[in-house]
Each structure stands twice: as structure tokens, then as C-alpha cells.
Amino acid sequence: NLHDALNCNRIRILMRFVTALMCSKVVQPGSVVELFETLLSSAATTVDEESGNPSWQPRADFYVTCILSCLPWCGLELNEQVPEEIERVLVGVEAYLSIRFEFVGKDHLEDLWHRIQDLSNNGWKVDSVPRPHLFFEAQLVSGKSHSIACPDQPRSKQRHEAELKYPRRIYRLNIFPTSKFEMQPIDRFVVEEYLLDVLLFFNGCRKECAAYMVGLPVPFRYEYLMAETIFSQLLTLPQPPFRPIYYTLVIIDLCKALPGAFPAVVAGAVRALYKRIGDLDMECRSRLILWFSHHLANFQFIWPWNEWSYVLDLPKWAPQRVFVQEVLEREVRLSYWDKVKQSIENASALEELLPPKGGPSFKFEDAKELSLELRNMVKEKKTAREIISWIEDSVVPLHGTLEIVVQTLLDIGSKSFTHLITVLERYGQVISKLCPEHDKQLMLMDEISSFWKNSTQMTAIAIDRMMGYRLISNLAIVSWVFSSSNSREFHTSDRPWEILKNAVNKTYNRICDLRKEISLLKESIKLAEEAKSELDSAESKLEIVNGQPVPAETPGRLKRLKGYFDKRKEELVSIQENLEAKEVLLARASEENKNLFVSLYKSFWNILSDCLYQLSHELAEENSQMNGYNVGEQEQWCLTTLGYLKAFSTQYASEIWLYMEQLDAEIFHPLFRKA
């Protein structure tokens with residue numbers, strides 16, 4: 001029953017299974033056609049402007065995609081057995097495509113439709129689809145066929161909700177030229193389906209996934225399509241279907257499974273994406289940097305860097321130069337500076353793009369006595385309260401406090417991430433006392449940035465951990481990132497963006513965790529209520545024995561039901577108390593979330609408002625080319641900042657929709673909305 005198959009993958013796979021059953025004479029061809037026509041009718045009704053809800057076109061597109069994606073598996077049989085009915089389905093699809101909202105260029109559904117038309121004209125023959133039922137045709141032909149039914153689909157409202165519930169399955173980056181794919185258009189679609197299904201079913205089992213991907217039952221090579229499909233999934237917006245690390249590990253295993261073919265294909269994909277790095281969404285660029293650095297770390301950092309050494313001749317804000325710089329910086333995090341330097345010996349000039357070599361930068365040599373005194377107190381494991389008293393009595397009158405104390409505590413915690421955590425756990429109250437309000441927290445982040453000026457990673461970690469311990473607010477982080485000293489780096493470094501993304505993500509994750517916890521608590525309450533209802537129903541059932549009413553249920557079952565309810569009843573009070581507490585926290589977190597996104601968009605508008613007018617006129621004809629980069633610094637700064645604005649909007653769209661009325665009223669100037 002498709003009504004019960006709420007998950008899109010379940011619907012799609014169930015439909016393909018039904019078509020396979022039809023080919024094996026288990027399901028009647030007419031039933032399959034009826035299923036297709038029911039979905040077509042629902043799709044057409046959805047996009048009808050008078051009686052439907054065109055905002056839910058993604059759902060309608062999903063239904064039609066499911067129909068078309070089944071035809072390579074069953075088109076031949078349907079055409080032989082019910083040719084008029086299959087023709088009616090194709091006419092219905094064409095009618096649907098004529099009334100749906102039209103996109104610029106050929107979109108995924110139109111592309112699939114053209115492939116199916118070619119398949120139909122070609123006699124429905126597909127080399128990549130196995131037909132095992134043909135070996136048993138004599139036995140199957142005498143079997144009994146069954147019918148199936150497809151209920152009407154439910155209706156809903158918002159387009160955004162529709163896109164989340166019915167996401168597109170295939171996003172093609174078109175990394176390689178079509179000459180690399182030695183297969184028919186419909187075979188390409190079928191192999192993509194194979195690859196996506198393997199990724200789906202072996203999520204979490206990377207070795208098995210790679211093994212099945214290299215052994216598909218097709219008579220042609222498909223390494224280029226395999227690479228393009230994986231990269232398209234990895235760079236899907238707003239989120240890839242699975243965690244990026246899954247695709248990273250699968251690519252590594254595929255390189256090991258096909259050492260003579262796949263590494264060269266992956267390298268070709270990297271080069272192709274690198275050429276177009278200036279056109280990539282900023283979120284995609286960040287993912288590509290993280291993937292590429294991780295991938296190289298698993299292959300001894302080997303790469304022909306001399307091919308990219310020309311980036312030193314480009315402006316420091318050129319996207320390709322920034323890409324190389326950020327990949328090298330991430331490599332240093334995954335290894336160490338000298339190792340990465342050694343890996344670029346064939347392009348030694350690129351050493352200029354390596355991050356600074358060196359550790360922390362402690363700046364208070366002139367306050368050494370106070371610093372030593374504080375260090376000794378930490379060594380003696382004095383309490384935070386004792387250190388606060390010492391600060392109030394000894395330090396404030398002489399020197400002020402924040403710089404000396406923060407720099408010293410950071411220096412004590414600089415040996416490792418564990419040392420930093422220990423210092424924050426023991427002496428976070430000291431920092432909280434010194435930096436209780438917004439302005440002081442901005443100064444605190446300045447000190448962190450100064451102390452770790454040679455390490456973007458440790459700057460980001462320290463600020464992130466302090467936010468986790470609520471020593472720094474997310475609003476303070478937004479203000480600090482958009483300050484003039486940091487915003488001027490927006491187009492030349494990922495450092496401020498990494499810190500901002502950490503803050504937004506941590507805030508968003510808090511509210512998501514609370515929603516999940518509340519949902520589980522409500523489910524527990526529902527189970528307790530169901531247990532009570534079942535017990536009451538069982539106790540109320542009576543039957544007449546010898547003229548007297550007696551319980552109809554057996555004593556054993558009544559005892560089990562009562563025991564189960566008593567256990568739930570004992571837990572119910574604490575669950576309800578916990579639920580009330582979580583709902584209070586959720587209300588507070590929701591307000592914090594709203595304030596964060598309002599502050600974030602105001603900050604974007606404040607720094608972008610001036611350049612948007614200029615950009616809208618001056619960049620109409622601008623473009624960036626590999627060896628002829630011609631975008632000025634101000635224009636690139638604006639493009640990069642706009643790119644991150646779009647990336648944040650895409651990543652957190654579900655949350656931002658909740659505050660759209662306020663954002664519309666206070667911030668979204670028409671030019672800002674257009675940009």
C-alpha cells in the first residue's frame with residue numbers, strides 16, 4: 001500500500017518491485033498501468049492552479065519521476081501486453097509536463113522524459129537492465145496474476161515542505177564531457193539508479209558499498225559515471241543524503257578497488273571542479289575543500305601541485321588561489337606542517353600559501369610576574385572562586401584583567417585540545433566573571449584570535465568550546481565575525497566563516513536535540529495512555545457463563561496488561577515533569593534561535609547594502625576564467641559574502657521560514673532579496 005510507504009525511497013523501490021512482479025507474471029499489467037495513472041492523476045491535480053496547490057509541484061514531479069524510472073524495467077513487457085495502455089500513460093506524462101511550472105533549460109524530469117522517449121522509439125531495449133524472468137518464462141506463464149490498488153495521495157500546503165518531503169533523487173553536476181560515457185542515455189539513467197541504490201542500502205558499510213559499486217551487472221565501463229554520481233551526491237544542497245564522510249570513505253575504497261582506473265577519474269573530477277570553483281556555491285566549495293584534503297591525507301598527500309602553481313600570479317582573493325590555500329591549511333590540520341611542505345616540493349613556491357608555522361603567541365612578557373603567579377595558582381589547583389578573589393584584589397588596580405588572565409589561561413591550555421578543555425571546565429567561571437556582557441566577549445575573542453594567530457584551527461576550537469560552556473554568546477560571535485577586522489578577510493580566508501558556521505550550527509543543533517527529546521517524551525506518554533486504554537478495554541470485556549458476567553480476557557493476559565500499565569504509570573510522573581522542563585528550554589532556545597538569525601541577516605545587510613547597488617550594475621558582464629581572472633577585489637568580496645549569505649539561507653531554510661515575517665519587515669530590502 002503506497003499510502004503506508006511514507007518514505008520516498010520506499011515508494012520508489014516498492015514501485016520498481018511491483019514492475020518486477022509484473023514481468024514475472026505475479027501482478028497483472030493492467031494493475032501496474034492503473035497504479036501509474038493514479039499517480040499521474042494526483043500529479044496533474046496537484047499542479048492545477050484552480051483545484052490544486054501548485055506549490056506542491058515537487059511532490060507531483062516525484063510521482064511522475066517514479067513512473068518514468070520504472071519504465072526501463074517494465075516498458076518492454078507493457079508494450080507487448082498492453083500497448084494501448086502504456087501509450088495512454090506516456091500521453092498522460094506529456095500532458096503533465098505541459099502544465100507544470102517551467103524551469104530555465106532542461107530540468108531533471110524533462111531530461112528523464114527525453115530518455116524514455118528515445119527508449120520507446122528504440123523498442124524498449126535496455127542493455128543495463130537484467131531480465132532473469134526470461135529464463136523461467138515457460139513456468140511463469142502458467143502462474144496466477146494478482147491485482148494491486150493505489151489509494152489517493154494526501155494533500156498538503158507549502159512548497160518548501162514539499163521539496164523537503166519529496167526531494168529530487170538525481171542532481172547531476174555534469175563534471176565530465178558526454179564523450180566519456182560509453183552508453184545510451186537510458187542506460188546512464190539506469191546505472192545512476194543502481195549506484196544510488198547501492199549508496200542507500202550500504203550506508204555505514206563502506207567496503208561492501210564499494211564492492212557492489214564496482215560489480216554492477218552491465219556490459220560496459222562506467223567509472224566516469226560512478227565518480228560523477230558520487231560527487232553530485234556529495235555536493236547536493238542543502239545537505240547530501242548521507243554524511244560527507246561516507247562518500248569520502250567510499251571514494252577511497254573505490255580507488256583501492258580499481259587502482260588502474262578510478263584514481264585517474266577522481267583526479268579528472270577534481271580538475272574539472274577546480275576550473276569552475278568560482279561558480280560553485282560556497283557550501284559546495286567548503287565541502288570540496290574538506291573532502292579533497294581528507295582524500296589526499298589517505299594517499300600520502302600526493303598531488304601534481306605544479307599544475308596549480310600559477311595561482312600565485314592571481315590576486316589573493318581569486319577563488320582558485322583561495323581554494324589551494326584552504327586545502328593546504330586543512331592538510332596541515334590532518335598531518336603536520338613539515339609533511340605538507342614536503343608534499344609540495346614539485347611546486348615549492350606554493351609554500352607561500354601554507355599557514356604560518358608556529359604555535360601560540362603569548363604577548364604579555366611585561367606582565368610576567370602576574371602571569372607566573374596565576375600559573376602557580378592553577379598548578380596548586382586553586383578554585384575558580386579563589387582566583388576570582390585574587391584578580392579582584394591584586395590585578396585590577398594594577399593592570400586591568402582580561403588580557404593577562406585570558407592569555408595566561410589560554411597558554412596553560414595550549415598544549416593540546418584536552419588541556420584546553422580542562423582549563424575551561426575548571427576556570428570557565430573566571431572567564432565568565434571577566435566577560436559577562438557582549439562587549440567584553442568581543443574583547444575575549446580578540447584575545448583568542450591574537451593568541452592563536454598562527455592557528456585557524458585552534459582559534460575556531462577555542463571559540464566553539466567557549467560557546468559550548470556559555471562563556472561566549474552566539475550573538476557576540478556574529479558581531480565579532482562581522483567586525484571590520486574580520487569582514488575584510490571574507491573573500492581571502494575561510495577562517496571567519498568557519499567560526500560563524502560553528503556558532504550557527506551549534507545553536508541550531510541545540511533546538512533540534514530538544515525537539516527530538518520532546519518528541520520521544522510525548523511518545524512515551526502516548527504509550528502509557530495506550531496501555532491504560534488497553535487495560536480498561538480488557539477489564540470491561542465480559543462474557544456470560546452460567547448466567548453470570550465474568551471477565552472475557554484470561555487472568556494471565558489481564559495480569560500482563562496491568563503489570564505493563566503499572567510500570568508505565570510509575571514512569572509517567574517523571575516523564576511529564578521532564579517534558580515540562582524540556583518545553584521551557586525549547587521556548588528559550590527558540591527565542592535564542594530567532595535572535596541569532598535576525599542578527600545574522602541584519603549583519604549581512606549592514607555590510608552588503610552599499611556594495612549591492614554597485615555590484616548590480618558593474619558585475620552584469622563580469623566572469624572569472626582560469627588564466628584570465630578579471631574580478632576586482634571589492635566585487636569578489638561582495639560575491640563571496642553573497643555566496644555565504646545564500647549558503648546559510650539554504651542550509652537553515654526550515655528554521656528561517658519560522659521568522660520570515662519579521663525578516664521581511666525589518667531586513668529584506670528588495671535588492672537584498674533579489675541578491
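Contact here means heavy atoms within 4.5 Å.

**Figure 1. The whole chain at a glance.** This is a predicted model. With contact defined as above, take the pairs of residues with a separation of 6 or more: 75% of those contacts in the chain are between residues 24 or more positions apart. The secondary structure adds up to 29 helices and 2 strands. Of the chain's 675 residues, 49% count as buried. The close-ups below pick out a helix, a cavity and a few single residues.

**Figure 2. Helix 4 and its buried face.** Helix 4 covers residues 83-99, so to speak a run of 17 residues, and spans 25 Å from its first C-alpha to its last, close to the 24 Å expected at 1.5 Å a residue. Which residues of helix 4 are buried? They are I86, V89, L90, V93, Y96 and L97. Looking down the axis of helix 4, these buried residues fall within an arc of 115 degrees, so they line one face of the helix. What do the buried residues pack against? Their partners are helix 2 (29-47), helix 3 (57-81) and helix 5 (108-121). Flip to the face turned away from the buried side of helix 4 and you meet the exposed residues E84 and S98.

**Figure 3. The second largest cavity and its lining.** The structure holds 4 cavities of 30 Å³ or more, and this view is of the second largest cavity, with about 70 Å³ of space. Its lining is made up of I170, Y171, R172, R188, E192, L196, L225, E228, T229, S232 and Q233. Two elements, helix 8 (185-201) and helix 10 (223-234), each give two or more residues to that lining. Helix 10 supplies the largest share, 5 residues. Sorted by class, the lining of the second largest cavity has 4 nonpolar, 3 polar and 4 charged residues.

**Figure 4. C8 in helix 1.** C8 is found in helix 1, which covers residues 8-23. Is C8 buried or exposed? C8 is buried, because its relative accessible area is 12% and the cut-off for buried is under 20%. Leaving out residues up to four places away in sequence, C8 touches F62, K165, Y166 and P167. Another residue to find in this view is R59: it sits 51 residues from C8 along the chain, and the two C-alpha atoms are separated by 9.9 Å.

**Figure 5. R285, a buried arginine in helix 13****.** R285 belongs to helix 13 (residues 282-297). The residue counts as buried because its relative accessibility is 6%. What does R285 contact once its neighbours within four places in sequence are set aside? The list is I277, V322, D494 and Y644.

**Figure 6. L527 in helix 24.** Look for L527 in helix 24, which takes in residues 495-540. Its relative accessibility is 27%, so L527 counts as partly exposed; that class lies between the under 20% of buried and the over 50% of exposed. Pick out L572 as well: L527 and L572 are 45 residues apart along the chain, and their C-alpha atoms are separated by 9.9 Å.

Technical notes:
Residues numbered from 1 in each chain as written. Predicted model: local features only at pLDDT ≥ 70, side-chain atom pairs only at ≥ 80, totals over all residues. Heavy atoms only, no water. 1 Å grid on protein atoms, 1.4 Å probe; cavity = no way out; pocket = protein on both sides within 12 Å on 5 of 7 lines; lining within 4 Å. Points joined across faces, edges and corners; volume = space filled by probe spheres on them. Helix = DSSP H or I, 4+ residues; strand = E, 2+ residues; numbered from the N terminus. Nonpolar A, V, L, I, M, F, W, Y, C, P; charged D, E, K, R; others polar. Expected span 1.5 Å × (residues − 1). Buried < 20%, exposed > 50% of the residue type's maximum accessible area, 1.4 Å probe, protein only. Arc of directions from axis to C-beta.
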